[in-house]
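Reader: I have a model open in my viewer and would like to learn how to read its features. Could you walk me through it?

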Amino acid sequence: MTIAQRLADAGIEVKPLEWEETVTGRYIGTPPVKLGDMAFWIFMRAEGYVRHLNGGGKSVHTTLEAAKSAAQAAYTARIL
């Protein structure tokens, strides 16, 4: 059993990112508790909603909700 599974079984969850739309139409998700400069940015591009990945690369999603969900999963994995 992983640590994440043990925490989930104990009822401990990672709080969701708080999302804000910027004046330029970008979306930024930040932890509810300040963790340095940790943030997840989502940009609208011709190919869809783009989230840049740590270490380079990007993930492209057809909807904003899918991009936010992917960012939340990445954040949760990083925290746990």
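Reader: Let me begin with packing. Which strands do the buried residues of helix 2 pack against?

Author: Happy to help, and please keep in mind that this is a predicted model. To read packing, take the buried residues of an element and list what they touch. Here the buried residues of helix 2 pack against strand 1 (18-21), strand 2 (27-30), strand 3 (40-45), strand 4 (48-52) and strand 5 (58-61).

Reader: Which residues of helix 2 are buried?

Author: They are Leu64, Ala67, Lys68, Ala71, Gln72 and Tyr75. Looking down the axis of helix 2, you find these buried residues within an arc of 140°, so they line one face of the helix.

Reader: And the length of helix 2: what span should its 16 residues have?

Author: The idea is to multiply a rise per residue and compare the result with the model. At 1.5 Å a residue, helix 2 (residues 64-79) should span 22 Å, and its end C-alpha atoms are indeed 22 Å apart, so expectation and model agree.

Reader: Let me pick a residue in helix 2. Is Ala66 buried or partly exposed?

Author: Burial is read from relative accessibility, with under 20% taken as buried and over 50% as exposed. Ala66, which is found in helix 2, has 31% relative accessibility and therefore counts as partly exposed. For a distance across the fold, the C-alpha atoms of Ala66 and Glu18 are separated by 15 Å, with their places 48 residues apart along the chain.

Reader: What does His61 touch, beyond residues up to four places away in sequence?

Author: Its contacts are Gly48, Tyr49, Ala66, Ala67 and Ala70. His61 itself lies in strand 5, and because its relative accessibility is 17%, His61 counts as buried.

Reader: Now charges. How many salt bridges does the structure hold?

Author: Start from the general idea: side chains of opposite charge can pair when their charged atoms come close. This structure holds 1 salt bridge. The side chains of Glu47 and Lys58 form it, at 2.9 Å from N to O. The pair links distant parts of the chain, 11 residues apart: Glu47 sits in the loop between strand 3 and strand 4, and Lys58 in strand 5.

Reader: Are Glu47 and Lys58 buried or partly exposed?

Author: Glu47 has 44% relative accessibility, so Glu47 counts as partly exposed. Lys58 is at 46% and therefore counts as partly exposed too.

Reader: What about the nonpolar surface: which residues make a patch?

Author: For this feature, look for nonpolar side chains grouped on the surface. Val33, Leu35, Ile79 and Leu80 make a nonpolar surface patch of about 320 Å². One of them, Leu35, is placed in the loop between strand 2 and strand 3; Leu35 counts as partly exposed because its relative accessibility is 36%.

Reader: Let's zoom out. What pattern does the protein chain follow along the sequence?

Author: Counting elements in order gives you a fold outline. The protein chain has 2 helices and 5 strands, in the pattern α-β-β-β-β-β-α. Its C-alpha atoms fill a box of roughly 40 × 25 × 25 Å along the principal axes.

Reader: Which totals would you note for the whole chain?

Author: Of the 80 residues in the protein chain, 28% are buried. The accessible surface comes to about 5500 Å², and 55% of that belongs to carbon and sulfur atoms. As for contacts between residues at least 6 apart in sequence, 28% join residues at least 24 apart.

Conventions
Residues numbered from 1 in each chain as written. Predicted model: local features only at pLDDT ≥ 70, side-chain atom pairs only at ≥ 80, totals over all residues. Heavy atoms only, no water. Helix = DSSP H or I, 4+ residues; strand = E, 2+ residues; numbered from the N terminus. Expected span 1.5 Å × (residues − 1). Buried < 20%, exposed > 50% of the residue type's maximum accessible area, 1.4 Å probe, protein only. Arc of directions from axis to C-beta. Contact = heavy atoms within 4.5 Å. Patch = residues over 30% accessible without salt bridge, like charges linked within 9 Å, V, L, I, M, F, W, Y side chains within 5 Å. Areas by Shrake-Rupley, 256 points an atom, 1.4 Å probe, with all protein chains shown as cover. Salt bridge = Lys/Arg side-chain N within 4 Å of Asp/Glu carboxyl O.
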